[in-house]
Amino acid sequence: MASVSKLMESRRLLMIILLGALAWSLASVEWKDGVLHTRGISALGEISGAIFKLDLSGETLGKLLIAAWRTVAYAVAGLSLALVIGLPLGIVGSGVLNSSANKRRTVQTLVRFILGFLRSIHELVWAWLFVAAIGLSPLAAVLALAIPYGGILGRIYSELFQDVPEAPLRALRNAGASEWRVFWYGRLPAVLPELIGYTFYRFECGIRSATVLSFVGLGGLGYQIGISLDDLAYGRAWTFILGLVGLIVLVEAWSATVRRKIIL
Amino acid sequence: MQPRSASLNVRPALAVSVEGLTKRFGITSAVNDVELFVPPGQAIAFVGPSGAGKTTLLELIAGSVSPDAGRVSLYGQDLSSLKPGRELASLVGVVAQQYDLVPNLSALQNVLAGRLGAWGAWKSILSLLAPRDKPLAMRALERVGIAGRAEERAGRLSGGEQQRVAIARVVVQDPKIILADEPVSSLDPARAEDVLALLVSIAHERKLTLIASMHAIDLATRYFDRLVGLRNGRILFDCPASDVTRTDLNALYKIEEERGG
């Protein structure tokens, strides 16, 4: 009971801190001159109005197709590499292959540290680093995506592999299976639908990340949206934005089909 | 202590020999100084109230739990000297109560998992994509009467069908001793009898030693050669199933009055 009331107390404290932070941030806004300056409001109207004046010229649609293709290519290449990084680290980092508790803890701590490092740096920062190092090449985009996504996938995979019902695994061990074989026959099948579903979700995030990455100058949908905004061609910008939405919807539909096939 | 030399001569002929076996959990002993000798090919059932130590005794014989005192020998080999994995799996197979199939794998793949102790690493992984030794597994599934459901995911099979798959898996594993912990207690009575009859007849035709823990005393009496009554981790009686008397059973299941000490 004491711990419950303590928890309630710390919750209340947290609430007060958060409310305080909100009040402070609201107070720091310059309300007198209006949040948006007058030109801002008219620009906003112009931009939102442009959604009805989409640029559907052949040239723009051609650019959209190439940009969408490039964005998807970055995402696919980046996520594939992320899978190559994340799956082995996830398997090893879950510690399920180690039967001695000491070894398991050492491996888990070490791999968690590596995974944490990979994903604590945002892909945009990695992109800056790689563009600085190897220039505006597609490789920079792919590496920038693969590293943090590899860290994220590895972390989630390792948790999935740990959290599998014991009874079937015990039965496999009784049949003489080593921990590796228990992994292939017991753990992987148990988590496969969830693993694939989560990887698809991350692929969808990867497409959005690839879009943002292209602002750095790597080409793709984000790059085209940026250029259109610079040209004040809002209709064209919307064409690319809606193209991105369409892309995400397609990936979502694809992932749903694959998952349905696997889960049954 | 009895003289060891006398039992040494007998032991190689025995499928299972258990001497002075004790296992404690905290201060309570789940299994207390148990002696048990099982000749090859015998079907023997542990009976007794819940908490009597039936499951723990099976786990001790399976080598999945290590004893605090005493020893288990399988075909004359000390259990503690047997390597877990291939070596142990070639001697002992286990059929559990339920929920021990991999639900997302097909019945066929679950049966083939019985070969994992014998297969090499690559063969094991490749078999997930293109099943190896398929005829062997199909014969086993045919024997347990569900060859038609080979491609079905195990999670979609009924309780009775799942136990049949588990039996087929142990057939494919091909051990000399089968340990079955309450193999049919999760099934309805009619199905329980079918599955138990199947398990016992497979053990018989392959000349395997079968040791099971049984909840249903009538089934145990009808299908097993020998009954071992366990209570509070000790053997209360150990005799041919036909010799077990009403008095034995009353003593086995009587409600104990709570008494200090």
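**Exercise 1. Place A:Trp180 in its helix and give its exposure class.**

Step 1. In this predicted model, A:Trp180 sits in helix H8 of chain A, residues 179-213. Helices (H or I, at least four residues) and strands (E, at least two) are DSSP runs, numbered from the N terminus.

Step 2. The relative accessibility of A:Trp180 is 44%, so the residue counts as partly exposed. The classes are buried under 20% relative accessible area, exposed over 50%, and partly exposed in between (1.4 Å probe, protein chains only).

Step 3. A:Asn98 is 82 residues away from A:Trp180 along the chain, and their C-alpha atoms are separated by 9.5 Å.

Conventions: residues are numbered from 1 along each chain as its sequence is written, and chains are lettered from A and ligands numbered from 1 in the order in which they are written. Local features need pLDDT of at least 70, side-chain atom pairs count only at pLDDT 80 or more, totals for chains, interfaces and linings use all residues, and side-chain values use heavy atoms, with hydrogens and water left out.

**Exercise 2. Describe the fold content and the spread of chain A.**

Step 1. Count the elements. Chain A has ten helices and zero strands. The order along the sequence is α-α-α-α-α-α-α-α-α-α.

Step 2. Test the spread. Chain A has a radius of gyration of 24 Å, well over the 18 Å from the globule rule for 264 residues, so chain A is more spread out than a compact globule. The radius is taken over C-alpha atoms, and the rule is 2.2 Å times the number of residues to the power 0.38.

Step 3. Take the extents. The C-alpha trace of chain A spans about 70 × 55 × 40 Å along its principal axes.

Step 4. Add burial and contacts. In chain A, 40% of the 264 residues count as buried. Among contacts with a separation of 6 or more, 74% join residues 24 or more positions apart. A contact means heavy atoms within 4.5 Å.

Step 5. Read the surface. Chain A has an accessible surface of about 15100 Å², and 70% of it belongs to carbon and sulfur atoms. These areas come from the Shrake-Rupley method with a 1.4 Å probe; for residues, only the protein chains shown count as cover.

**Exercise 3. List the buried residues of helix H9 of chain A and say what follows the helix.**

Step 1. Helix H9 covers residues 221-230 of chain A. Its buried residues are A:Leu221, A:Gly222, A:Gln224, A:Ile225, A:Gly226 and A:Ser228.

Step 2. Recall the helix geometry. An α-helix has 3.6 residues a turn, so residues three or four places apart point the same way.

Step 3. Go past the end. A:Leu232 follows H9(A) and has a positive phi near 60 degrees.

**Exercise 4. Run the globule test on chain B and report its surface.**

Step 1. Chain B holds ten helices and ten strands.

Step 2. For 261 residues a compact globule would have a radius of gyration near 18 Å; chain B has 19 Å, which agrees. The C-alpha box is roughly 60 × 40 × 35 Å along the principal axes.

Step 3. Buried residues are 50% of the 261 in chain B. Of its contacts with a separation of 6 or more, 66% link residues 24 or more positions apart.

Step 4. Chain B exposes about 12300 Å², with 52% supplied by carbon and sulfur atoms.

**Exercise 5. Find the offset between the charge centres of each chain.**

Step 1. Assign the charges. Lys and Arg count as positive and Asp and Glu as negative; His and the chain ends are not counted. Each charge is placed at NZ of Lys, CZ of Arg, CG of Asp or CD of Glu.

Step 2. In chain A, the mean positions of 24 positive and 16 negative charges are 11 Å apart.

Step 3. In chain B, the centres of 30 positive and 28 negative side chains lie 6 Å apart.

**Exercise 6. Locate B:Tyr75 and B:Glu182 and classify their exposure.**

Step 1. Note the background. Most residues other than glycine have a negative phi.

Step 2. B:Tyr75 has a positive phi of about 50 degrees. It lies in the loop between strand E4 (69-74) and strand E5 (77-78) of chain B. At 24% relative accessibility, B:Tyr75 is partly exposed.

Step 3. B:Glu182 has a positive phi near 45 degrees. Its loop runs between strand E7 (177-181) and helix H8 (189-205) of chain B. At 12% relative accessibility, B:Glu182 is buried.
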